[in-house]
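Please open the structure in the viewer and keep the sequence panel visible. The tour proceeds by selections, each followed by a description of what is found there.

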Amino acid sequence: MITKQDLKEVLQRHKFSEEQIERILNKRIKFLLQRGNKDNIDVILKILLDGNDISRKAIEECLSVLAQGKANEIEKIFKVLDEHEISKETIEGGLYVLAVGKANEIEKIFKVLDEHKISKETIEGCLSVLAKGKAKEIEKIFKVLDEHEISKEAIEGCLYVLAVGKANEIEKIFKVLDEHKISKETIEGCLSVLAQGKANEIEKIFKVLDEHKISKETIEGCLSVLAKGKANKIEKIFKVLDEHEISKETIEGCLIVLTQEKANEIEKIFKVLDEHKISKEAIERCLYVLAVGKANEIEKIFKVLDEHKISKETIEGCLSVLAQGKANEIEKIFKVLDEHKISKETIEGCLYVLAV
């Protein structure tokens, strides 16, 4: 364990700015405080900052390296990554590999990937395969994928399947997908279904979708519903959407709404949108707001938009600002735009600027 005061002292010793320290201490760092060790963190920071020139910003964005990493193991991992010419920039973007990876295992994984001609550039794009993968399991997965004629290019496009997939489960998923006549090309376009899905759950999802007359072609266009969805939750979401008279055609146009974690969250969003007199037609044009939005955040966004006199009609034309925006960030964007004398009319003509 480490106290906040001890953590602050260690960070100060390694020349983190006061602003960085404040941000770190204000994060949800319970796990770091419980798992961290003052001496170990001190040595890890020395290895990262002095030995390998890792930026303080990268460390701030991946505190798990301080909570879960082991100094001597991190040293070994850096050596392996250096031998395979993995760039410092790549490591900074994926420090998690230092937190949970094992040098010996990573070396074995590199060997398997090399045997299957997976490029260094592809590996750099998905370091999670080194952090989470197991060489023996990866070899088994390659065998299953090869038996189903999944191309190397498709695998390189979703290396995550090697990081978290299980060969036995993947084989079962292929069987279910084949029974429902999902084409190989479709699967290659969304290998995440093999990485994240469970065969039994996928079968249940197919049953629910069939009961609601969702076509095979629609499912093929959004296999993520099989990867991320849960049959019982999807059934509840259908019920909420039906109560609000959202048409089947609209749902088919945005099937990802069925992957929303909680049906009651969608109900809350409907309530907020109704309170602000957002029409059903506007919601149907952008069902994505129900898929990724959060009711509390949307309410905050409405408040900011209202303070800046953004009309309801404008919001209805760009509901993605409610889906993707963050109220405090939108407020900051308004401030910048105001400083540069960007008119309200101009902002209304491109409200998406507030979403990104």
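How many aromatic pairs does the structure hold? The model, which is predicted, holds 0 aromatic pairs. An aromatic ring may nevertheless be selected for another reason: display F16 together with R56. The charged end of R56 sits over the ring of F16, at 5.8 Å from the centre of that ring.

Next, select R13. This residue belongs to helix α1, which covers residues 4-13. Is R13 buried or exposed? R13 is partly exposed, because its relative accessible area is 46%, and buried would require a value under 20%, exposed one over 50%. Now show K38 and D42: R13 touches both, when residues up to four places away in sequence are not counted.

From R13, move to I182, 169 residues apart from it along the chain. The C-alpha atoms of R13 and I182 are separated by 57 Å.

Then select helix α16, residues 167-179. At 1.5 Å a residue, its 13 residues should span 18 Å, and the end C-alpha atoms are 19 Å apart, so the two values agree. Which residues of α16 are buried? They are A167, E169, I170, I173, F174, V176 and L177. To see what covers these buried residues, add the surrounding helices, including α13 (135-147), α15 (160-164), α17 (184-188), α18 (192-196), α19 (199-211) and α21 (224-228).

Finally, select K181, which follows α16. The phi of K181 is positive, near 60°.

Definitions and conventions. Residues are numbered from 1 along each chain as its sequence is written. This is a predicted model: local features need pLDDT of at least 70, side-chain atom pairs count only at pLDDT 80 or more; totals for chains, interfaces and linings use all residues. Side-chain values use heavy atoms; hydrogens and water are left out. Helices (H or I, at least four residues) and strands (E, at least two) are DSSP runs, numbered from the N terminus. Buried means under 20% relative accessible area, exposed over 50%, partly exposed in between (1.4 Å probe, protein chains only). Contact means heavy atoms within 4.5 Å. Rings of Phe, Tyr and Trp (its six-membered ring) pair if their centres lie within 6.5 Å; planes under 30 degrees apart count as stacked, over 60 as edge-to-face and the rest as tilted. A charge sits over a ring if NZ of Lys or CZ of Arg is within 6 Å of the ring centre and within 35 degrees of the ring normal. The expected span of a helix is 1.5 Å times one less than its number of residues.
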